[in-house]
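Visitor: Could you pick one part of this model and take me through it slowly? I'd like to follow how the pieces there connect, residue by residue.

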Amino acid sequence: MILRKKLPFLLSLILAFALVRAPCLAHAALISASPQDGATVPSGEVVIQLRFNSRIDSKLSRLTLLKAADQSVVQPLETSPVSEGLRARAPDLQSGAYTLEWQILSLDGHLTQGRLNFRVER
Ligand SMILES: [Cu+2]
């Protein structure tokens, strides 16, 4: 009897929870990257492009290029927005192993970050 009275309340509580939680499923996850993780690309200008599963705030998102060996910053990357992603140019990459670090603010206000590794060879 008591349960029957409380049921609508419980259901609305569950629904409210689901609605609050729902946007969190939308925070940005990487869906494609160029160079891909583990790829080898020719030296010279390397165009970096990352796409995510949702729209992002490109002004508050950033890409950093590091030397894989000691994780020192190679160069700051100036990014430009592409649809649901970011693009950057690394003008003159020498042979070696690199780590690309990304930090992305999705429009739901959540920050996600990750990294990928690639090699540059002549
Ligand atoms: Cu989220």
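Guide: Let's start at D108, which is partly exposed, with a relative accessible area of 27%. One thing to keep in mind throughout is that this is a predicted model. D108 is one of the residues holding the copper ion: it donates through OD, while H27 and H110 each donate through ND1, and the distances run from 1.9 to 2.3 Å. H110 is also partly exposed, at 29% relative accessible area. Along the chain, the donors follow the spacing H-x80-D-x1-H.

Next up is G109, in the hairpin of strand 8 and strand 9. That hairpin has five residues between its strands, and G109 takes a positive phi near 90° there.

The two strands of the hairpin are well worth your time. Strand 8 and strand 9 run antiparallel and are joined by 10 bridges. If you want a couple of landmarks, L100 stands opposite L116 of strand 9, and A97 has R119 of strand 9 as its bridge partner. R119 turns up again on the strand 2 side, as the bridge partner of T40. Strand 2 and strand 9 run parallel, with three bridges joining them.

Zoom out a bit and you get an open sheet of five strands in the order 2-9-8-4-5, with mixed pairing. Strand 2 (40-42) and strand 5 (73-76) are at the edges with a single partner strand each, so each has one side without a neighbour in the sheet. From one strand to the next, the twist averages 35°.

Now look at the two faces of strand 9. The covered one carries T112, G114, L116, F118 and V120. The uncovered one carries L111, Q113, R115, N117, R119 and E121. Two of the arginines on that uncovered face, R115 and R119, are worth following, as each takes part in a salt bridge.

Take R115 to begin with. Its side chain meets that of E101 in a salt bridge, at 2.3 Å from N to O. E101 belongs to strand 8 (residues 96-105) and R115 to strand 9 (residues 111-121), so this pair ties together parts 14 residues apart in sequence. Both ends are partly exposed: E101 has a relative accessible area of 29%, and R115 comes in at 45%.

Then there's R119, whose side chain forms a salt bridge with E121 at 3.6 Å, N to O. R119 is partly exposed at 39%, and E121 is partly exposed at 40%. The whole structure has three salt bridges. The other one, between E45 and R89, spans 3.2 Å from N to O. E45 is in strand 3 (residues 44-52) and R89 in strand 7 (residues 85-93), so that pair ties together parts 44 residues apart in sequence.

E101 also leads us to strand 4 (residues 62-67), where T64 has its place. Leaving aside residues up to four places away in sequence, T64 touches V73, L77, T99, L100 and E101. T64 counts as buried, because its relative accessibility is 17% and the limit for buried is under 20%.

Back on the covered face of strand 9, let's pick up F118. The count of aromatic pairs comes to two. In one, F52 and W102 are edge-to-face, 5.2 Å centre to centre with 65° between the planes. F52 lies in strand 3 and W102 in strand 8, so the pair ties together parts that are 50 residues apart in sequence. Both F52 and W102 are buried. The other pair is Y98 with F118, stacked at 5.8 Å centre to centre and 20° between the planes. Y98 sits in strand 8 and F118 in strand 9, 20 residues apart, and the pair links these distant parts of the chain. Y98 and F118 are buried as well.

Definitions and conventions. Residues numbered from 1 in each chain as written. Predicted model: local features only at pLDDT ≥ 70, side-chain atom pairs only at ≥ 80, totals over all residues. Heavy atoms only, no water. Salt bridge = Lys/Arg side-chain N within 4 Å of Asp/Glu carboxyl O. Helix = DSSP H or I, 4+ residues; strand = E, 2+ residues; numbered from the N terminus. Buried < 20%, exposed > 50% of the residue type's maximum accessible area, 1.4 Å probe, protein only. Donors = N, O, S within 2.8 Å, 3.2 Å for Na, K, Ca; no water. Contact = heavy atoms within 4.5 Å. Phe/Tyr/Trp six-rings, centres within 6.5 Å; stacked < 30°, edge-to-face > 60°. Pairing = 2+ DSSP bridges. Axes fitted to C-alpha atoms, helices over the stretch in contact; angles between N-to-C directions.
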